[in-house]
Amino acid sequence: MVVKVGIVGSGWAASMHARCLLENVNVELVALADVSKSEGMAFAKRYGIPKFYEDTGKLFEDPDVEAVYIMSPPKFHASQAIAALQHGKHVFSEKPPAISLKEMEKLAEVVEKTGLIYQIGFNRRFWPVYKKLKSLVETGKLKSYVVDIKMVRGEMERPPWTKLSEVSGGFLYDSMIHILDLSKWILGKPETIRCVARKNVYPHFDGFVALIEFLNEEKTIESITSVGHASWVYPFERVEVYGDHSSAITEENFKLTFSHGKGDIPNVEVYQFTKLPEHVAWGFKEEDDLFIEAVAKGLKPAVTVIDAYDSVKLVESCYQSLEHSGRVVTFA
Ligand SMILES: NC(=O)c1ccc[n+]([C@@H]2O[C@H](COP(=O)([O-])OP(=O)(O)OC[C@H]3O[C@@H](n4cnc5c(N)ncnc54)[C@H](O)[C@@H]3O)[C@@H](O)[C@H]2O)c1
């Protein structure tokens, strides 16, 4: 069955997903909407999309559209997802799902009421490097006693809305949400979270240190350091998991080193994912293929509205903590 897709937005994320969707024989790109006529028309032409709407509402009303990809800036995600669902369309939304708990609760309610498919774009879950890391933890080869994660952005100026917290939702919603979701996906449910943050360069919080304790068997303790003003220097993203005389260390989306043993010369396994094209290495291809399959076959989506809700709760728990100078917040 071919799924007819409409896309909202024509920026970088939209181009990445359009590339994945065009490679899927079960997809027809039928319409595009963008508030910018010039950008939207150029994008539609580039990807061979026959219909263009300057008014996003018209795309939701289009009877040809079965599923909508929401690729606009974060501020619009929840309201556009809700409008699309209310017009009977399945929804794939880029992260964040919403930029407040109130919006997220409404979105979850509409997903439940309509029974339509909603998938959130936590593409880290599909990075081959993190899938390998998760399998090491799940098979017990690597005990996750202590975890340290670093994730930084060079600047918060490209695209320009990134520096406007009222549009992006702030750094936690726009960037760190990926790492909070990834942590939960690999380590399970958090028990407590504490977070301190500073306004270093931008007029809103742009530097964060968070400590999370998990409910899992190992009672993992995790630290996360994340800033939005690092300059673009490697590493941007690095996860280190320390187990029973073992460690797994990731480098961006292309390398995982797993070392185990007590001897002077440990056993070292190196997994490299350097030959993958970017839309595969960054997980977009697999998440899109799974969404289309879920729509075509009526399956549960790979990343659900509950996952979306939990990630928003985690962001809000960080805010609760940092607003009280790093107070411990229980993640219920
Ligand atoms: N998962 C990832 O790794 C990843 C990577 C990059 C971006 N993203 C997310 O994708 C989304 C888009 O990011 P981007 O980098 O493509 O941004 P962008 O600024 O490049 O593109 C956004 C597009 O949306 C259009 N737009 C703005 N307001 C709109 C509205 N109200 N209705 C319809 N269209 C509107 C703009 O004209 C533009 O074409 C963001 O939420 C971002 O966080 C995710």
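**Ligand site and unusual backbone in a predicted model**

Colleague: Which distance separates a polar side-chain atom of Asp-34 from an oxygen atom of the ligand?

Modeller: The model is predicted, and polar contacts are counted for pairs of N or O atoms within 3.5 Å. For Asp-34, the pair consists of a polar side-chain atom and an oxygen atom of the ligand, and the distance is 2.6 Å.

Colleague: Which residue places a polar side-chain atom 3.1 Å from a nitrogen atom of the ligand, and what share of the ligand's accessible area does the protein cover?

Modeller: Ala-13 uses a backbone N or O atom, which lies 2.9 Å from an oxygen atom of the ligand. The contact to a ligand nitrogen atom, at 3.1 Å, comes instead from a side chain, that of Glu-94. On its own the ligand has 850 Å² of accessible area, of which the protein covers 85%.

Colleague: How many residues surround the ligand?

Modeller: Among the closest are His-77, Lys-95 and Trp-161. By class, the shell has 11 nonpolar, 11 polar and 5 charged residues. Helices H1 (12-22), H4 (77-86) and H8 (171-187) each supply at least two residues of the shell. The number of surrounding residues is 27.

Colleague: Why does the ligand lie between two domains, and which are they?

Modeller: The ligand sits in the largest pocket. Residues of its shell come from both domains, so the ligand lies between domain 1 (3-123 + 283-303) and domain 2 (125-276 + 312-330).

Colleague: Which residue follows Lys-95 through a cis peptide bond?

Modeller: Omega of this bond is near -10 degrees. The loop concerned runs between strand E5 (90-94) and helix H5 (101-114). The residue that follows Lys-95 is Pro-96.

Colleague: What is omega for the cis peptide bond that joins Tyr-234 and Pro-235?

Modeller: Pro-235 belongs to the loop between strand E10 (221-227) and strand E11 (237-242). For its cis bond with Tyr-234, omega is about -5 degrees.

Colleague: What is the phi value of Lys-219?

Modeller: Lys-219 is in the loop between strand E9 (207-214) and E10. Its phi is positive although the residue is not glycine, with a value near 50 degrees.

Conventions: Residues numbered from 1 in each chain as written. Predicted model: local features only at pLDDT ≥ 70, side-chain atom pairs only at ≥ 80, totals over all residues. Heavy atoms only, no water. Near = heavy atom within 4 Å. Polar contact = N/O pair within 3.5 Å; in protein donor to acceptor, adjacent residues only side chain to side chain. Areas by Shrake-Rupley, 256 points an atom, 1.4 Å probe, with all protein chains shown as cover. 1 Å grid on protein atoms, 1.4 Å probe; cavity = no way out; pocket = protein on both sides within 12 Å on 5 of 7 lines; lining within 4 Å. Sits in = over half its atoms within 2 Å of the grid points. Helix = DSSP H or I, 4+ residues; strand = E, 2+ residues; numbered from the N terminus. Nonpolar A, V, L, I, M, F, W, Y, C, P; charged D, E, K, R; others polar. Domains from an automatic or database assignment.
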